[in-house]
There are 2 protein chains.
Amino acid sequence: MIVTVTPNIALDVTYDVERLVPHASHRVAAVRSMAGGKAVNVASVLSVLGHEVTALGIVGGATGDLVRADLAARGIPHVLVDADHETRRTVTVVSLADGEATAFNEPGPAIGRHEWSGLLEALRRVLADDGGSAGVFVGSGSVPVGFPGDGYAQLVRAAREAGCRTLVDSSGAALVAALAGGPDVVKPNARELAEVTGLDDPVAGAKALQDKGARDVLVSLGPDGLALVRTDGEVVRAALRAGLAGNPTGAGDAVVAAVAHGLEVGAAPEALLTEAVAWSAAAVLQPVAGVVDQTDVARLREQVRVWRD
Amino acid sequence: MIVTVTPNIALDVTYDVERLVPHASHRVAAVRSMAGGKAVNVASVLSVLGHEVTALGIVGGATGDLVRADLAARGIPHVLVDADHETRRTVTVVSLADGEATAFNEPGPAIGRHEWSGLLEALRRVLADDGGSAGVFVGSGSVPVGFPGDGYAQLVRAAREAGCRTLVDSSGAALVAALAGGPDVVKPNARELAEVTGLDDPVAGAKALQDKGARDVLVSLGPDGLALVRTDGEVVRAALRAGLAGNPTGAGDAVVAAVAHGLEVGAAPEALLTEAVAWSAAAVLQPVAGVVDQTDVARLREQVRVWRD
């Protein structure tokens, strides 16, 4: 089984407006909301494709109830730790005139020591209940105030002790701190990697991250695909043969979902990267994050090119 | 007692961002939320100034719970009808760089026949429980989908049958339809009045509204104060002697609160307009709607000029 942990879960709300005009008052034409946060999207993609997954997180208040209800409605198995605080929201305003999106992301409330220990305990329990089968742990997204500095590292260690392969997709200080736990794979995008290493070249950046303790580093390069920099220095790349227009939101989460699945089944790098590019491209064709179409994946898989530097 | 009815209650959420940039992703620095909707603001002003008031509305879901909790925390007595649907939100993004606000107003869900009849029944019950003392009814704000076309008129009739003076502050079709109920006062602003009459001059517009059945028409003119056009054609005006910088949001609701209070105590037009301008100016000095400072009201009352055309 794959277990995803979203430290900073959210309710993602989308507002359609005719046209976004700063300093004006807008009538919202349509409101949509769904459970969000990067690891929730990862769990959603896995669930949509029929893979066994459990989404973990911390939720509270009225908005937390909406997150629970949405996960239940979407059939995504979940174990959520109760918090005293109100779960955060994100609001994305879509201007129908030009299709452009403007996002407002609430920071989220501080989580307490009790909630953090509840999350760690929930992870241990879910992995123990899984009967010791070799699973995969995915930790993904930003971390809230009150999350321990080494929180991702602790989660990774707990998962490794339970026999899991481990994958972390975060950025900034949370990404660097996660390395101490020894995750099998980290997946920064090119910008996030440059931010923490100061290096613009993805391969050089990945190697700098390995100097800080990273193992395999998978760098997502947007339309240029993926670069997997392995611990032995080998670099494997994959990309679609032709470009694809669409909505890049959630493409990175689909990459993480595919890699988690690849780790679970012991895929070779070529196969793992092929799936990751195909799932990611299928996500680009969807209007919202966390969804891919199996038919798109099958078709796009044929258009992936894999090569070594 | 004054009873306010907010057909389309909301949770008003404010997001502070560094600077609003269309098509960008924004980190929200601070999130505030409070119960909103025009008649809620009216009830809040009356409550803050120590007047007896009860706020009525329809709320549902998790957001409805937050509205209830906020009204309770602010000590505003309320009778809220339970709905199956989720109460709407408004999101106002404040750009800290320039202080400008950009608002996104959710339309709100459709209310059902059961919820509407519950609201009408709640109004009758609250007025009956008040022991037949001459009270004031205030209906204020937009109306949700599913609200009867003559909803405000029905509410006004129920209030008049209970011996209340009545006041409606709405716009468009809801304002015009309210007139059939015979409200003692309607309070459009100059723009709203022009929209329903096609006349730019406030006095001519007020008279056109009276031709459609209105009694006293109080037109709010922003910094130019108020014009009360009475059924006998008399026009009484009031304004501050000097301009005032601040936040106009909620100024109109403070006018309505003052007029409701004036109707309750049987104030003469001059006294009623003086209070209305003073409460409104005091509201301009506050960062949020629904609040005035008693000291500001006392000071500003001395700066109001009243005259007849």
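# A tour of chains A and B

Select B:Val219 to begin: B:Ala227 in S13(B) stands opposite this residue. The model is predicted, so local features need pLDDT of at least 70 and side-chain atom pairs count only at pLDDT 80 or more, while totals for chains, interfaces and linings use all residues. Residues are numbered from 1 along each chain as its sequence is written, and chains are lettered from A and ligands numbered from 1 in the order in which they are written.

**Stop 1: the sheet of chain B**

Names such as S13 refer to DSSP runs numbered from the N terminus: helices (H or I) have at least four residues and strands (E) at least two. Extend the selection to strand S12 (residues 216-220) and strand S13 (residues 226-229) of chain B; they run antiparallel and are joined by four bridges. Two strands pair if DSSP finds at least two bridges between them. Strands of a sheet pair through backbone hydrogen bonds, either parallel or antiparallel.

Now show the whole sheet in chain B. It is open, has 10 strands with mixed pairing, and follows the order S6-S5-S1-S9-S10-S11-S12-S13-S14-S15. Which strands are at the edges? They are strand S6 (78-83) and strand S15 (304-308) of chain B, each pairing on one side only.

Add helix H4 (residues 151-161) of chain B, which packs on the sheet and touches strand S1 (2-6), strand S9 (136-140) and strand S10 (165-169) of chain B. The direction of H4 makes about 170 degrees with that of S9(B). Touching here is contact, meaning that the C-beta atoms of two residues, placed from the backbone, lie within 7 Å.

**Stop 2: two helices of chain B**

Two packed helices are described by the angle between their axes and the distance between the axes. Select helix H1 (residues 38-48) and helix H8 (residues 251-265) of chain B: they pack at an angle of about 60 degrees, with their axes 8 Å apart. Axes are lines fitted to C-alpha atoms, for helices over the stretch in contact, and angles run from 0 to 180 degrees between N-to-C directions. H1(B) and H8(B) are therefore oblique to each other. Angles under 35 degrees count as roughly parallel, over 145 as roughly antiparallel, 65 to 115 as roughly perpendicular and the rest as oblique.

The crossing of H1(B) and H8(B) is right-handed; that is, the near helix is turned clockwise from the far one by less than a right angle, whereas anticlockwise would be left-handed. To see the contact, show side chains in H1(B), including B:Val42 and B:Leu46, and in H8(B), including B:Ala257 and B:His261. The contact residues divide into seven nonpolar, two polar and two charged. Nonpolar covers Ala, Val, Leu, Ile, Met, Phe, Trp, Tyr, Cys and Pro; charged covers Asp, Glu, Lys and Arg; the others, Gly among them, are polar.

**Stop 3: where the chains meet**

Select S7(B) and S8(B), which pair in the antiparallel sense over five bridges. One bridge joins B:Val93 to B:Thr102 in S8(B). The two strands form a hairpin with five residues between them, and B:Gly99 in the turn has a positive phi of about 75 degrees.

Next, show both chains: 25 residues of chain B are in contact with 25 residues of chain A. Which strand gives the most to the side of chain B that touches chain A? S8(B) does, with five residues. That side of chain B divides into 15 nonpolar, six polar and four charged residues.

S8(B) also pairs with strand S3 (residues 25-27) of chain A, in the parallel sense over three bridges. Two pairs to label are A:Ser25 with B:Ala103 and A:His26 with B:Phe104.

**Stop 4: chain A**

Select S5(A) and S6(A), which run parallel and are joined by six bridges. A:Leu56 has A:Val79 in S6(A) as its bridge partner. From S5(A) the chain passes through helix H2 (residues 61-73) of chain A to S6(A), in a right-handed β-α-β crossover. Right-handed here means that, with the strands pointing away from the viewer, the path from the first strand over the helix to the second runs clockwise.

Finish at helix H9 (residues 269-284) and helix H10 (residues 294-301) of chain A, which pack at an angle of about 130 degrees with their axes 8 Å apart. H9(A) and H10(A) are therefore oblique to each other, and their crossing is right-handed. Among the contact residues are A:Trp279 of H9(A) and A:Leu300 of H10(A).
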